[in-house]
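Thank you all for coming. I would like to walk you slowly through one structure, taking each chain in turn and then the place where the chains meet.

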Amino acid sequence: MEEPLERRAVISGAAQSDIGRRLYRSGLDLTIEASLRAIEDAGLTVADIDGISTYPGMGGPFGGCTGAELHDALRFSLNWRDGGAETSGQLGAVHKAILAVGAGLAKHVLCFRTVNEGSGGAMRASGGGGGAMPPAFEYLIPYGVTSAANWIGCYARRHMHDYGTTREQLGAIAINARTNAASNPQAIYTDPMTMEDYLGIRMISDPFGLYDCDVPCDGSTVVIVSHRDYAPDAPNGAVHVNAMGTALRGRPSWDQFEDLTTMAMRDSAASMWERTDLTPADVDTAQLYDGFTWLSMAWIEALGFCKKGEGGPFVEGGARIAPDGDLPLNTNGGQLSSGRLHGFGFLHEGIMQLRGTANVPVADCEVAVVGAGGGPESGCLLLTKEIR
Amino acid sequence: MSADPPPRFISPHAEGEFYWTSGADGVLRLQRCGDCRRYIHPPGPVCPYCHSRALSPEPVAGTGTIATFTINRKEWIPGFEPPYVFALVEIDEDPTIRLGTNIVGCEVDDVEIGMRVEVEFEANGEWHVPLFHPLPVERSEE
């Protein structure tokens, strides 16, 4: 196989803004904070950055900030800029940056995802905001289902029905996240959670209770994608991109995907493994989207850490996914306890694990997989400490 | 659902408007290709299978099977009172066609995957909203 183009790219810098339930700061403000920290982390200056890439490329509480806003705010001079949601999930912004670097369009691309949903939600509740229904939801909204908890809850229930997955097994994912969040100073929820707490909390959209759902927050995550020639000069170490998963082979729909027990991650994961000689057995830590507990389980199955339908027994009891287990999962507390940074929080944590600077470090971490997205939004990355 | 129908915010694209008005005569209709005869949902301008434009709404029996569901217990929309069931129903004519809907006419806790259901229509302003209720359980003949 010809060398996959993504091997030309490294992640030379990574940082986050302050993160909180409600910070009452603008998305641009948070993005600038994370950007300046990440540029410094990469050993670069504003003048070195010649590309910007973002998901989803819009303002407001969900979008956070546009690429153009950041472009102008720090007076970047760019060779390439891109932003949009029509891509391989949230990590699509990073996939495209990797392609731009590999193609020689840019040398150092600043990738960001900013959310302002904590403050945004509060502002909506006080009468601001509002908007029209997106076309994809034309046949969902009339039935009172406006939340991903409803749409994804349907898949979780079918998984439970077909494979015997239990709420206790989903709870193992929530409790693992909460336990890990206790060591993350940026986490939103850090109080210990027991299985009794998990099972006893109010239901949102059965089979999901409140603790199956992630927590909206404010925050920005930035990574710098550079050409691998820069790796020796990255002061905090460059993380290598081994493979990326971008495939979307099923119907791009929340309700019409062919298989009701998996989602688009099935295809992202398969396409990633098609581009590398590494295998699931080589992975030292998995940072997998947990907008809802079941999504992490679906990612575990999609990536081949267990067989389809065996995600429940795989996570049961939590030992296997704990930081000292076979597959340390969401070691920063995930979105369930550390806030919905919308995929990029997992990427940041994967990078920190490979650098050896995570709050809950995984021993001898050489290979990390990062998967982001649920429903029709999906993409993943296989990252390594050394070139593999 | 009580006498006062909940706010449903129906705002169809042109190709899909029939879906929300079909129930005026008590019949559920789905878009169907006049050439390859496959059903299409959600409706669109071109058949995704044979690219024909000879598409029109055609009556279906209005019966199907619950593929999966969720019991929503949180209020997201004022006036749309929980609990209520959102389900995906596979229609008898083509089980790859899945209709999102609310299940009515039974307790939310009685809904099950595999349950047989039948359409009914809720009058809601200018629209006739397809909802589904359980069919009586068929007794197997000895």
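Before any counting, a word on how the elements are defined: helices (H or I, at least four residues) and strands (E, at least two) are DSSP runs, numbered from the N terminus. What you see is a predicted model, in which local features need pLDDT of at least 70 and side-chain atom pairs count only at pLDDT 80 or more, while totals for chains, interfaces and linings use all residues. Residues are numbered from 1 along each chain as its sequence is written, and chains are lettered from A and ligands numbered from 1 in the order in which they are written.

Let me begin with chain A, whose secondary structure comes to 13 helices and 11 strands. Along its principal axes, the C-alpha trace of chain A spans about 55 × 50 × 40 Å. The radius of gyration is taken over C-alpha atoms, and the globule rule is 2.2 Å times the number of residues to the power 0.38; for 388 residues a compact globule would come near 21 Å, and chain A, with 19 Å, agrees with that.

How confident is the predictor here? pLDDT is the predictor's confidence in each residue, from 0 to 100, and chain A averages 95, with 96% of the residues scoring at least 70. One stretch calls for caution, since pLDDT stays under 50 over residues 124–132 of chain A, and the model has three contacts beyond four places in sequence for that stretch. By contact I mean that the C-beta atoms of two residues, placed from the backbone, lie within 7 Å. Among contacts in chain A between residues at least 6 apart in sequence, 79% join residues at least 24 apart.

Now to the interior. A residue is buried if 20 or more other C-beta atoms lie within 10 Å of its own, exposed if 12 or fewer, and partly exposed in between, with C-beta atoms placed from the backbone; on that count, 58% of the 388 residues of chain A are buried. In soluble globular proteins, nonpolar side chains tend to be buried together. A nonpolar core, as used here, is a set of buried Ala, Val, Leu, Ile, Met, Phe, Trp, Tyr and Cys residues joined through C-beta atoms within 7 Å, and the largest one has 141 residues, with I11(A), V94(A) and V223(A) among those with the most contacts inside it.

Leaving aside residues up to four places away in sequence, I11(A) touches seven residues that include V223(A), V225(A), A238(A) and I351(A). Strand β1 (residues 9–16) of chain A is mostly covered, with eight of its eight residues buried. Two strands pair, in the sense used here, if DSSP finds at least two bridges between them. β1(A) pairs in the antiparallel sense with strand β7 (residues 218–227) of chain A over seven bridges, and G13(A) stands opposite I224(A) in β7(A). Strand β8 (residues 239–245) of chain A is also joined to β1(A), antiparallel and by two bridges, and there V10(A) stands opposite H240(A).

Another residue to find on the screen is Y155(A), which lies in helix α6 of chain A. Is Y155(A) buried or exposed? Y155(A) counts as buried, because it has 26 C-beta neighbours inside 10 Å. Beyond four places in sequence, Y155(A) touches L260(A), T261(A), M263(A) and W294(A).

Turning to chain B, we find one helix and eight strands, and from the N terminus on, the helix is followed by the strands in the order α-β-β-β-β-β-β-β-β. Its C-alpha atoms fill a box of roughly 50 × 45 × 25 Å, taken along the principal axes. A compact globule of 142 residues would have a radius of gyration near 14 Å, and chain B, with 16 Å, agrees. Buried residues make up 35% of the 142 residues in chain B.

Within chain B there is an open sheet of three strands in the order β2-β1-β3, with antiparallel pairing. β2 (39–40) and β3 (55–59) of chain B stand at the edges, each with a single partner strand, so one side of each is left without a neighbour in the sheet. Five bridges join strand β1 (residues 29–33) of chain B to β3(B), and R32(B) stands opposite S56(B) in β3(B).

Finally, where do the chains meet? The contact takes 25 residues from chain A and 29 residues from chain B. On the side of chain A that touches chain B, the elements giving two or more residues are α6 (148–163) and β5 (203–206), and α6(A) gives the largest share, six residues. The residues on that side divide into 12 nonpolar, eight polar and five charged, where Ala, Val, Leu, Ile, Met, Phe, Trp, Tyr, Cys and Pro count as nonpolar, Asp, Glu, Lys and Arg as charged, and the others, Gly among them, as polar. Strand pairing also crosses between the chains: β5(A) and strand β4 (residues 63–72) of chain B pair in the antiparallel sense over two bridges, and D206(A) stands opposite I71(B) in β4(B).
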